[in-house]
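Hi everyone, thanks for coming. Please have the sequence and the 3D view open while I talk, and follow along with me.

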Amino acid sequence: QRQLVESGGGLVKPGGSLRLSCAASGFTLDYSTIGWFRQAPGKEREGVSCITKSGGRTNYADSVKGRFTISRDNTKNTVYLQMNSLKPEDTAVYYCAARNSLASFCTVGGEERFATWGQGTQVTVSS
């Protein structure tokens, strides 16, 4: 059974950092593009970042560019989202998702293209 499990969320003060992890089980991430998404209360889910199967290409939403970094360790079957300089508006449930792709580039969003989703992890940025 294909599963993704996010972890690393929590409560952090503005300006702080968190690292989210997305661990896969039941399948290998070697042939998957991974996307991170988030959904704030009362808002639609939005794309945050993506990374290609080899990690060679990444992309970010303008709202997080320069603050968030996506990376992957295929030996651990895990993708990470390092979030620095967090702001209250980053508060949301964060989800990772996987889709089979051999593409050498990725675009942020497009959740309809992703077949496998994690359960989400809450990130709250508040003083």
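**Salt bridges**

Let's start with a pair of charged side chains: R45 forms a salt bridge with E111, and their closest N and O atoms are 3.0 Å apart. This pair links distant parts of the chain, since R45 sits in the loop between strand 4 (32-39) and strand 5, E111 sits in the loop between strand 9 and strand 10, and the two are 66 residues apart. Before I go on, please keep in mind that this is a predicted model.

Why would two such side chains come together at all? Side chains of opposite charge can pair when their charged atoms come close.

Are R45 and E111 buried, exposed or partly exposed? R45 has 27% relative accessibility, so it counts as partly exposed. E111 has a relative accessible area of 29%, so it is partly exposed as well.

How many salt bridges does a search of the whole structure find? The search finds five. Another one of them joins the side chains of E46 and R38, at 2.7 Å from N to O. Here the two ends sit in different surroundings: E46 is partly exposed, at 35% relative accessibility, whereas R38 is buried, with a relative accessible area of 6%. If you click on R38, look around it too, as R38, E46, R67 and D90 are linked in a network of salt bridges.

Then there is the salt bridge where the side chains of D62 and K65 meet, 3.1 Å from N to O. D62 is exposed, with a relative accessible area of 68%, and K65 is partly exposed, with 48%.

**Disulfides**

Now let's turn to the cysteines. A disulfide is a covalent bond between the sulfur atoms of two cysteines. The count here comes to two disulfides.

In one of them, C22 and C96 are joined, with their sulfur atoms 2.1 Å apart. Which parts of the chain does this pair tie together? C22 lies in strand 3 (residues 18-25) and C96 in strand 9 (residues 92-100), so the disulfide ties together parts that are 74 residues apart in sequence. The torsion about the S-S bond is about 75°, so this disulfide is right-handed. Both C22 and C96 are buried.

The other disulfide joins C50 to C106, with 2.2 Å from S to S. C50 lies in strand 5 (residues 46-51), while C106 lies in the loop between strand 9 and strand 10 (116-117), so this pair ties together parts that are 56 residues apart in sequence. The link of C50 and C106 is right-handed, with 90° about the S-S bond. C50 is buried at 1% relative accessibility, and C106 is buried with a relative accessible area of 6%. If you count the bonded cysteines along the chain, the disulfides follow the pattern 1-3, 2-4.

**Strands and sheet**

Strand 9 has come up already, because C96 lies in it. Seven of the nine residues of strand 9 are buried, so this strand is largely enclosed by the rest of the structure.

Which strands pair with strand 9? Strand 4 pairs with strand 9 in the antiparallel sense over eight bridges, and within that pairing W36 has C96 as its bridge partner. Strand 11 also pairs with strand 9 in the antiparallel sense, over three bridges; there, V93 has Q122 as its partner. Strand 10 runs antiparallel to strand 9 too, joined to it by two bridges, and A97 stands opposite W117.

Next, please find the open sheet of four strands: its order is 1-3-8-7, with antiparallel pairing. Strand 1 (3-7) and strand 7 (68-73) stand at the edges with a single partner strand each, so one side of each is left without a neighbour in the sheet. From one strand to the next, the twist averages 15°. Strand 7 and strand 8 (residues 78-83) pair over six bridges, and I70 stands opposite L81 in strand 8.

**The nonpolar core**

My last stop is the inside. The largest nonpolar core has 28 residues, and W36, F68, L81, M83 and Y94 touch the most other members. Strand 3, strand 4, strand 5, strand 7, strand 8, strand 9 and strand 11 (121-125) each give two or more residues to this core.

Let's zoom in on F68. Leaving aside neighbours within four places in sequence, F68 is in contact with several residues, including V48, Y60, L81, M83 and Y94. R38 and D90 are also among the contacts of F68, and those two belong to the salt-bridge network I showed you earlier.

Key
Residues numbered from 1 in each chain as written. Predicted model: local features only at pLDDT ≥ 70, side-chain atom pairs only at ≥ 80, totals over all residues. Heavy atoms only, no water. Disulfide = S-S within 2.5 Å. Buried < 20%, exposed > 50% of the residue type's maximum accessible area, 1.4 Å probe, protein only. Pairing = 2+ DSSP bridges. Axes fitted to C-alpha atoms, helices over the stretch in contact; angles between N-to-C directions. Salt bridge = Lys/Arg side-chain N within 4 Å of Asp/Glu carboxyl O. Core = buried A, V, L, I, M, F, W, Y, C linked by side-chain atoms within 4.5 Å. Contact = heavy atoms within 4.5 Å.
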